[in-house]
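User: Let's zoom in on a single part. Which element gives the most to the lining of the largest pocket? Take your time and connect that spot to whatever else helps.

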Amino acid sequence: MSALTPPTDMPTPTTDKITQAAMETIYLCKFRVSMDGEWLCLRELDDISLTPDPEPTHEDSWEDLTDLVEQMRDDTEDPNYLMANERMNLMNMAKLSIKGLIESALNLGRTLDSDYAPLQQFFVVMEHCLKHGLKAKKTFLGQNKSFWGPLELVEKLVPEAAEITASVKDLPGLKTPVGRGRAWLRLALMQKKLSEYMKALINKKELLSEFYEPNALMMEEEGAIIAGLLVGLNVIDANFCMKGEDLDSQVGVIDFSMYLKDGNSSKGSEGDGQITAILDQKNYVEELNRHLNATVNNLQAKVDALEKSNTKLTEELAVANNRIITLQEEMERVKEESSYILESNRKGPKQDKTAEGQALSEARKHLKEETQLRLDVEKELEIQISMRQEMELAMKMLEKDVCEKQDALVSLRQQLDDLRALKHELAFKLQSSDLGVKQKSELNSRLEEKTNQMAATIKQLEQSEKDLVKQAKTLNSAANKLIPKHH
């Protein structure tokens, strides 16, 4: 920081000059990726206020700048700050990649193959997102970081993913976990279930904690945002040929040049770009709306099944209660009978004791069976009560989830209505512009007709002028002939 101290023989610069110098500086070492419309840009560090003071002073200008740079340096060296910055960069890159991929699919007929550059960059960005904050596992060859481990968990959460995992394991050309993870991403995109699988994986933070650091992208809010953005990819079709493709040795490097803004780009296509963006957003919202409707229908079916099960359990509980009451009454009756038999045995003759003893043993045996049956019924009742409590808790959670989904659906429908209104407004503007062009073309045709008429009139005037010149020449010659005769 000693380089910031000015020489003593030079005049101290003002705060305006310091601000100008700071604004002309680009910090590429700790940049932040952000989005400017549909382009990539580098956000300047906003920790330093670049607003000049209304009354600049010469005493503390360099000291203030030194303190600010030291503060910026301390912030950028904080690991949490760096991880948050990396998460933000990856999220913005994922937004640009997914948006560009959807636009490309719409322009190319919604069918993409593995040789298409934006599709390759999308998989590179997804690979970086899955690798962010990944814990290193020690093996006999050293430490290894692979995102194949978390992807294997998806088949345990979503049974439909078992087919993809089995297909990846059966591919003969894959030898490394990285290659298997890349193949899994491609197959999930072809199946149009990548968003569903990522959401199921992100919702299980307790399972992901085994593979990721606490501040990794998959453990934070950015991971859920990226999983939501992946829903838009369900509108495209992708076709990949895994056989013969070397997924193990590919180098995953993000090509930023595909997303940088071209300063010489013309402004004539801005209207078409806005319309295309609106259509893409409309398709994305419709696909998300369809996905949410399917989720709400599934949840509603689960709620109906739980309600039926709850009704059945209630009926079984009532039957069990009636059974317990009946058993209690029978047990009381057996006790009364046994006590009566004992009293009669004490007072009766001895020759009847054998028969009475057999009856008493049978009564005791019957009482023991009824007691065991009662214990079994009580255990079953406890199990049914615990199952009912679990069902009620699951129903409450499902109702809460349904309410959240309905709120999200309402907001998405509102956004869709806004997009439709904007589309109608653009269509109205386009219609009005077409009407203006039509009026101008009619006015232009009228002006051409008048011009043709004026040209014809000019030709007539020129012809009459030529006739007048000929008549004047004739009169002059006649006058010249008459003048000598008078002389």
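Analyst: That would be α12, which puts 10 residues into the lining of the largest pocket. Helices here are DSSP runs of H or I with at least four residues, strands are E runs of at least two, and both are numbered from the N terminus. Before going further, keep in mind that this is a predicted model, where local features need pLDDT of at least 70 and side-chain atom pairs count only at pLDDT 80 or more, while totals for chains, interfaces and linings use all residues. Residues are numbered from 1 along each chain as its sequence is written, and side-chain values use heavy atoms, with hydrogens and water left out.

The pocket itself holds about 1,000 Å³ of space. A pocket, on a 1 Å grid over the protein atoms alone, is an open set of points with protein on both sides within 12 Å along at least five of seven lines; a cavity is a set where a 1.4 Å probe fits but cannot get out, and lining residues have an atom within 4 Å of a point. Points join across faces, edges and corners, and volume is the space filled by probe spheres set on them.

In total, 31 residues line this pocket, and the ones nearest its centre are E196, K199, H291, T295 and K405. Besides α12 (270-347), the elements that contribute two or more lining residues are α9, α11 and α13 (353-486). Sorted by class, the lining comes out as 12 nonpolar, 8 polar and 11 charged residues. In that count Ala, Val, Leu, Ile, Met, Phe, Trp, Tyr, Cys and Pro are nonpolar, Asp, Glu, Lys and Arg are charged, and the rest, including Gly, are polar.

Now follow α9 and α11 to another empty spot. The whole structure has 2 cavities of 30 Å³ or more, and the second largest cavity is about 40 Å³ in volume. α4 (117-131), α9 (194-202) and α11 (221-229) are the elements that give two or more residues to its lining. α11 has the largest share there, at 3 residues. The full lining is M126, C129, M198, I202, L217, M218, G223, I226, A227 and L230. By class that's 9 nonpolar, 1 polar and no charged.

L217 is worth a stop. You'll find L217 in the loop between α10 (205-208) and α11. L217 has a relative accessible area of just 1%, so it counts as buried (under 20% is buried, over 50% exposed and in between partly exposed, using a 1.4 Å probe and protein chains only). Skipping neighbours within four places in sequence, L217 is in contact (heavy atoms within 4.5 Å) with R87, L90, C129, H132, E222, G223 and I226. R87 sits 130 residues away along the chain, yet its C-alpha is 5.6 Å from that of L217. C129, one of those partners, is buried too, because its relative accessibility is 3%.

M218, which also lines this cavity, ties us into the largest nonpolar core. That core has 59 residues, and F122, W184, Y212, M218 and L233 touch the most other members. (A nonpolar core is a set of buried Ala, Val, Leu, Ile, Met, Phe, Trp, Tyr and Cys residues joined through side-chain atoms within 4.5 Å.) At least two of its residues come from each of α3 (79-107), α4, α5 (148-152), α7 (162-170), α8 (177-191), α9 and α11. For L233, the contacts beyond four places in sequence are I98, L101, I102, F122 and L189. A separate core has 9 residues, including I278, V285, L288 and L409.

That brings us back towards α12 by way of G232, in the loop between α11 and β6 (237-239). G232 has 1% relative accessible area and therefore counts as buried. Its contacts, leaving out residues within four places in sequence, are I102 and Y284. V285 is 53 residues from G232 in sequence, and their C-alpha atoms are 7.9 Å apart.

One last stop is α13, home of Q384. Q384 is at 18% relative accessibility, so it counts as buried. Beyond four places in sequence, Q384 touches L313 and E316.

For the wider setting, the protein has 13 helices and 6 strands, and 30% of its 487 residues count as buried. Of contacts between residues at least 6 apart in sequence, 77% join residues at least 24 apart.
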